[in-house]
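Welcome! Please take a moment to look over the protein below, and then we will walk through it together, topic by topic.

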Amino acid sequence: MDVCGVSAEDVELEYVSAAGIRERGALGRLWPVRFESVRPERRFPAFRGQGNWCGWYWSATCGGHVGYEPWLERDHLMLFDFDPLVAGMSSQPFRLSWTGPGGKRVRHTPDFFVRRADGTGLVVDVRTDERVGPEDAVKFAVTAAACRSVGWDFARVGTPDAVLMANVRWLAGYRHPRVHRPQVAARLVEVFTDGGGLLAGALRVGDQIAVLPVLFHLLWRRVLAVDLEGGLLSADTRARLGIVREGGQDAVTSSAVASG
């Protein structure tokens, strides 16, 4: 297949609906489906001696579990979950197929479908450069072209920045809404209006054992912001008010937003 000439009608899509019904048809017909809400197209295997790790990640964005196979996929799930511009995601969302050289049917199942807050779609494959062979490269190229034909973006992602990932993994431990305490959160926003170190700011609000989990939750929600790539989080890491979305617009964090 000529990658440059790929159209939505050249590619067949197969998926399993939220109701458990398998559907199949041309990408050009099925692309409006809310793929962030479908079931995984295939199961995540688990067996003795398995070389990679499968599991289910609880997403604060989705309010439910999203599957992954290797840990690298889990890391990218966390990054999507941490991204305020992401509104939903699903793993193994569908299988694409098209006619390859010699009439052979070629199949490919992307790792994730991501729905952004603005309604646009992103299809993601997780694969490091050294693991991309010639056949894989062709599959990714055709998938990217098919996505463009229906207005989706496509990305192949590899190993994320180590410092960023370590910090996001830590904050993910405080992503659940049960960690939130509105009064403490509002006070933290007041304290960090002019910026300051994490521990010093927490101590101004109260007992660090009670306050720090709320502080980390606000960092996860981007209500407060820190440099997550410059170094590992520490007591002296400086935090400031973050930029959050209120009414569809970017706005500086307010006490009302923090309390919600």
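Of the contacts in the protein chain with a separation of 6 or more, what share comes from residues 24 or more positions apart? The share is 57%. Keep in mind that this is a predicted model. Let us start with the whole chain and then go to its parts.

**The chain as a whole**

- The protein chain has 260 residues, and 45% of them are buried.
- Its secondary structure adds up to eight helices and 15 strands.
- About 13200 Å² of the protein chain is exposed, with 51% of that area supplied by carbon and sulfur atoms.

**A sheet of four strands**

- Strands in a sheet are held in pairs by backbone hydrogen bonds, and the pairing can be parallel or antiparallel.
- Four strands build an open sheet here, in the order β2-β1-β6-β7, and their pairing is antiparallel.
- At the edges you find β2 (22-26) and β7 (105-108), each of which pairs on one side only.
- On average, neighbouring strands of this sheet are turned by 20 degrees against each other, if direction is ignored.
- Inside the sheet, β1 (residues 12-16) and β6 (residues 95-99) run antiparallel and are joined by three bridges.
- If you want to find one bridge yourself, look at Glu 14, whose partner in β6 is Arg 95.
- Helix α3 (residues 134-149) lies across β6 and β7, and its direction makes an angle of about 80 degrees with β7.

**A closer look at Val 16**

- Val 16 sits in strand β1.
- Is Val 16 buried or exposed? Its relative accessible area is 10%, which is under the 20% cut-off, so Val 16 counts as buried.
- Apart from its neighbours within four places in sequence, Val 16 is in contact with Ile 21, Arg 22, Val 38, Arg 39, Pro 40 and Glu 41.
- Take Glu 41 from that list: along the chain, Val 16 and Glu 41 are 25 residues apart, while 5.8 Å separates their C-alpha atoms.

**A sheet of three strands**

- Another open sheet has three strands in the order β11-β13-β12, again with antiparallel pairing.
- Its edge strands are β11 (196-197) and β12 (224-225), and each of these pairs on one side only.
- Two bridges connect β11 with the antiparallel strand β13 (residues 238-241).
- Across from Gly 197, you will see Arg 238 in β13.

**Helix α2**

- Helix α2 covers residues 71-82, which makes 12 residues.
- From its first C-alpha to its last, α2 reaches 17 Å, close to the 16 Å expected at 1.5 Å a residue.
- How many of the 12 residues of α2 are buried? The count is 10, so to speak a mostly covered helix.
- Among the buried residues of α2 are Leu 77, Met 78, Leu 79 and Phe 80, and the list also includes Glu 73, Arg 74 and Asp 75.

**Salt bridges**

- Side chains with opposite charges can pair when their charged atoms come close.
- Searching the whole structure turns up 14 salt bridges.
- One of them joins Glu 36 and Arg 115, whose closest N and O atoms are 3.2 Å apart.
- This pair links distant parts of the chain, with Glu 36 in the loop between α1 (27-30) and β3 (55-59) and Arg 115 in strand β8 (residues 112-116), 79 residues apart.
- Both partners are buried: Glu 36 has a relative accessibility of 14%, and Arg 115 has one of 7%.
- Arg 116 and Asp 153 also meet through their side chains, at 2.9 Å from N to O.
- Here, too, distant parts of the chain are linked, since Arg 116 belongs to strand β8 and Asp 153 to strand β10 (residues 153-157), 37 residues apart.
- Arg 116 is partly exposed at 22% relative accessibility, and Asp 153 is partly exposed at 38%.
- In a further salt bridge, Asp 136 and Arg 127 come to 3.1 Å, N to O.
- Asp 136 is partly exposed, with a relative accessible area of 22%, whereas Arg 127 is buried, with 17%.
- Finally, a network of salt bridges links Glu 12, Glu 14, Arg 22, Arg 24, Glu 41 and Arg 95.

How values were computed
Residues are numbered from 1 along each chain as its sequence is written. This is a predicted model: local features need pLDDT of at least 70, side-chain atom pairs count only at pLDDT 80 or more; totals for chains, interfaces and linings use all residues. Side-chain values use heavy atoms; hydrogens and water are left out. Two strands pair if DSSP finds at least two bridges between them. Axes are lines fitted to C-alpha atoms, for helices over the stretch in contact, and angles run from 0 to 180 degrees between N-to-C directions. Contact means heavy atoms within 4.5 Å. The expected span of a helix is 1.5 Å times one less than its number of residues. Buried means under 20% relative accessible area, exposed over 50%, partly exposed in between (1.4 Å probe, protein chains only). A salt bridge is a side-chain nitrogen of Lys or Arg within 4 Å of a carboxyl oxygen of Asp or Glu. Accessible areas come from the Shrake-Rupley method with a 1.4 Å probe; for residues, only the protein chains shown count as cover.
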